[in-house]
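Work through the exercises below with the structure open. Each task is followed by a solution in steps.

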Amino acid sequence: MKGGLKSYLAFVLVAMAAVLTGCNTNDDDRIPNVGVSINLSDAGLWTRFGVSGFGIPQYFIKALREPTGFAYLDRTMTGFGGVLLINGFDYRINEVGPLAYDLACPVERKSDVRVKVDPDSFEAVCPVCGSKYDVTMGAGAPISGPAATDHYGLRQYQCVANGPGYIIVN
């Protein structure tokens, strides 16, 4: 009986793990893990290039020198397709604050196919495949389109508080 109970408990634990990590998991590793380092810790930089209003985005693309006027340094890195910085709800700390994602659509997997935030819905939308992502409340999870079908989420980066602003890193 003890062996049967152990086998049953092992089966239940494996089944629970499969349910918790199975079909509802999003793959946010389809975009190559390229360095990210954007320093907005200075009060002036955060005021000019940071995000404070809910759902308001800022795009950092070093190759295109966006945003205009941002002084890119040699050590500044903006990931594979660029960085989307947006103010939203961070479930890891249960607070509203800055969130950061790679701009490259994980369905297309090209550095120049970038999502853009729809100002009416606050969703990031791919201009090529039409996939939509929840970037203010859902940690970059897919909402619709091929990304939702295949469970491809946006690669998320860290916003680390530093002084009056933040440093965005991976």
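**Exercise 1.** Which residues does Tyr101 touch, not counting residues up to four places away in sequence?

Solution. The model is a predicted one. Tyr101 touches Gly82, Val83, Leu84, Ile86, Asp134, Val135, Ala139, Gly140, Leu154, Arg155, Gln156 and Tyr157. Next, place Tyr101 in the interior: the largest nonpolar core has 18 residues, and Tyr101 is listed with Leu84, Ile86, Val115, Tyr133, Val135 and Leu154 as having the most contacts inside it. Strand 4 (83-90) and strand 5 (95-102) are the elements that give two or more residues to this core. Another core, of 15 residues, lies apart from it and includes Phe49, Val51, Cys159 and Ile168.

**Exercise 2.** Classify the ring pair of Phe49 and Phe70, and state which parts it ties together.

Solution. The centres are 5.1 Å apart and the planes differ by 80°. An angle over 60 degrees counts as edge-to-face, and the pair is edge-to-face. Phe49 belongs to helix 2 (residues 43-49) and Phe70 to the loop between strand 2 (57-60) and strand 3 (77-78), so the pair ties together parts 21 residues apart in sequence. Both rings belong to buried residues: Phe49 has a relative accessible area of 4%, and Phe70 has 9%.

**Exercise 3.** Decide whether Glu123 is buried or exposed, and find the nearest side chain of opposite charge.

Solution. Glu123 lies in strand 7 (residues 123-125) and is buried. The nearest side chain of opposite charge is Lys132, at 4.3 Å. A salt bridge requires a distance within 4 Å, and Glu123 has none.

Notes. Residues numbered from 1 in each chain as written. Predicted model: local features only at pLDDT ≥ 70, side-chain atom pairs only at ≥ 80, totals over all residues. Heavy atoms only, no water. Helix = DSSP H or I, 4+ residues; strand = E, 2+ residues; numbered from the N terminus. Buried < 20%, exposed > 50% of the residue type's maximum accessible area, 1.4 Å probe, protein only. Lys, Arg positive; Asp, Glu negative; His and termini not counted. Core = buried A, V, L, I, M, F, W, Y, C linked by side-chain atoms within 4.5 Å. Contact = heavy atoms within 4.5 Å. Phe/Tyr/Trp six-rings, centres within 6.5 Å; stacked < 30°, edge-to-face > 60°.
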